[in-house]
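The exercises below are meant to be worked through with the sequence and the coordinates open side by side. Each task is followed by a solution that proceeds step by step.

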Amino acid sequence: MNITVGSVEAILVDLPTIRAHQLAMATMQRQTLVIVRLRCSDGVEGIGEATTIGGLSYGDESPEGIKLTIDTYLAPALAGADATNVHGAMHTLAKVARGNRFAKSALETALLDAQAKRLGVPLHTLLGGAVRPTLPALWTLASGDTMRDIEEAERLLAERRHNTFKLKIGRRAVRDDVAHVSAIKRALGDRARVTVDVNQAWNEAEAATGIAMLEAAGIDLVEQPVPREQRAALARLAARFVVPIMADETLCGPEDAVDLARLGAADVFALKIAKSGGIHGMLRTAAVGDAAGIALYGGTMLEGSVGTIAAAHGFCTLPQLAWGTELFGPLLLKDDVVTQRPAYRDFELHLPDGPGLGLMLDEDKLAFYRRDRA
């Protein structure tokens, strides 16, 4: 029987966060998810998610634009396509639309979820299988208040939920940011890793000053200190300092990975399925980094449970993942649209059991939080 793609629905969902989440380019009070429901001719439904950070302040795609792209261009192109041939479907979408990686990632996740459900296996089985059942997951301390961040970190250490903490910096003067981070590192000592994410906020001179002080303070990792276009500057900083420099915004796929590896522009690659155009694109990006001797890190776009678990299925298949993951997105949200949220314990994210993603949408919550509910 030929199983085809029937309907595709892209739903904007607005969820409140547990607290204000400060980044260099925006302060988030809520997160908007694009939940994709892909229904097939055999009655199987696959789900996916596309999520960005701070609207268009972070990158080129916004939730509203993602929905428009799916509704207008991508969903019509998938109608009647072979639902069991994920690569074939994604090849079709590549010809229909350039870029639009976040939208394509959500659709690929939905196709993979449906096919894995159809076969009765976890999604990672379609990728060759998992090499680890759980994933280390860090937590971002982003209140902006030093004492509040220290108290939050101490509580999460005591609960055995996280033992790596990332600080979002770049909004204040360099020395003020460094003082904030250094105080937190002194308080936590060797009990936890502390990393920083500058989110492209510094120029090269500021980065040279800031990274020198961060290195002296014992910070473990510095993420994307300069704008994504300035790869030569990133390479000079990576060569200058011992503390690892991680590429994030400048890395969107395997082609970028090749260029960054050639330049020696990063010690660590931040992998994200959305920025790579899907799980398979992320795996290709990871393979380049791994072959070049660049350490790997599983990043996040602060997705809800659907996007987070989709990424987890991909990351758990990677042979090397030296820096763990940042898959804490569901924990930042007051609520979600799945019946059972992901489990975090003993400093790890645990993959759910069951076929596909291992998740089910909560119809009542989806109806409540969807933007068009009125």
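**Exercise 1. The annotated active site**

Task: Determine which residues the UniProt annotation "active site" covers, and establish how they are placed in this predicted model.

Solution. The starting point is the record: the unreviewed UniProt entry assigns the annotation "active site" to Lys 168 and Glu 326. These residues span 159 residues in sequence, yet their C-alpha atoms are no more than 12.9 Å apart, so they gather at one spot. Both Lys 168 and Glu 326 are included in the lining of the largest cavity.

The next step is to take each residue in turn. Lys 168 belongs to strand β6, which covers residues 164-168; its relative accessible area is 15%, and because buried means under 20%, Lys 168 falls in that class. The side chain of Lys 168 makes a polar contact of 2.7 Å with the side chain of Asp 197.

Glu 326, by contrast, is placed in a loop, the one between α11 (305-315) and α12 (329-332), and with 4% relative accessibility Glu 326 also counts as buried. When residues up to four places away in sequence are set aside, Glu 326 touches Leu 138, Thr 140, Lys 166, Tyr 297, Gly 298, Gly 299 and Thr 300. One of these neighbours, Lys 166, is joined to Glu 326 by a polar contact of 2.7 Å between the side chains.

**Exercise 2. Two domains and a core drawn from both**

Task: Describe how the chain is divided into domains, and find out which domains contribute to the largest nonpolar core.

Solution. The domain assignment gives domain 1, made of residues 4-125 and 362-369, and domain 2, which covers 128-350. The C-alpha centres of domain 1 and domain 2 are 23 Å apart, and across the boundary 43 residues of domain 1 are in contact with 51 residues of domain 2.

With the division in hand, one can turn to the core. In soluble globular proteins, nonpolar side chains tend to be buried together. The largest nonpolar core here has 125 residues, and Ile 70 and Phe 269 are those with the most contacts inside it. Helix α3, residues 101-119, gives the most to this core, with eight residues, and the core draws at least three residues from each of domain 1 and domain 2.

As a last step, the surroundings of Phe 269 can be listed: apart from neighbours within four places in sequence, Phe 269 is in contact with Met 246, Ala 247, Leu 251, Ala 257, Leu 260, Ala 261, Gly 289, Ile 294, Ala 295, Leu 296 and Tyr 297.

**Exercise 3. The buried residues of a helix**

Task: Identify which residues of helix α8 (residues 231-240) are buried, and say what covers them.

Solution. The buried residues of α8 are Arg 231, Ala 233, Leu 234, Ala 235, Leu 237 and Ala 238. For reading such a list, it helps to recall that an α-helix has 3.6 residues a turn, so residues three or four places apart point the same way. The cover over the buried residues of α8 includes α7 (204-216), β9 (245-247) and α9 (254-263).

**Exercise 4. Positive phi outside glycine**

Task: Where in the chain are Asn 100 and Phe 347, and what is the phi angle of Asn 100 and of Phe 347?

Solution. Most residues other than glycine have a negative phi, and most peptide bonds are trans. Asn 100, in the loop between α2 (86-96) and α3, has a positive phi near 50 degrees, and Phe 347, in the loop between β12 (343-345) and β13 (348-350), has a positive phi near 70 degrees. The burial of the residues is then assessed separately: Asn 100 counts as partly exposed at 26% relative accessibility, whereas Phe 347 is buried, with a relative accessible area of 14%.

**Exercise 5. A buried valine in α11**

Task: Is Val 306 buried or exposed, and which residues does Val 306 touch?

Solution. Val 306 lies in helix α11 and, at 0% relative accessibility, counts as buried. Not counting residues up to four places away in sequence, Val 306 touches Ile 35, Ile 47, Gly 48, Glu 49, Val 338, Leu 357, Leu 359 and Leu 361.

Definitions and conventions
Residues are numbered from 1 along each chain as its sequence is written. This is a predicted model: local features need pLDDT of at least 70, side-chain atom pairs count only at pLDDT 80 or more; totals for chains, interfaces and linings use all residues. Side-chain values use heavy atoms; hydrogens and water are left out. Buried means under 20% relative accessible area, exposed over 50%, partly exposed in between (1.4 Å probe, protein chains only). Helices (H or I, at least four residues) and strands (E, at least two) are DSSP runs, numbered from the N terminus. Contact means heavy atoms within 4.5 Å. A nonpolar core is a set of buried Ala, Val, Leu, Ile, Met, Phe, Trp, Tyr and Cys residues joined through side-chain atoms within 4.5 Å. Domain bounds come from an automatic or database domain assignment. UniProt positions are given in the numbering used here, feature names are shortened, and annotations may be inferred rather than shown by experiment. On a 1 Å grid over the protein atoms alone, a cavity is a set of points where a 1.4 Å probe fits but cannot get out, and a pocket is an open set with protein on both sides within 12 Å along at least five of seven lines; lining residues have an atom within 4 Å of a point. A polar contact is a pair of N or O atoms within 3.5 Å; within protein, one must be able to donate a hydrogen and the other to accept it, and residues adjacent in sequence count only if both atoms are side-chain atoms.
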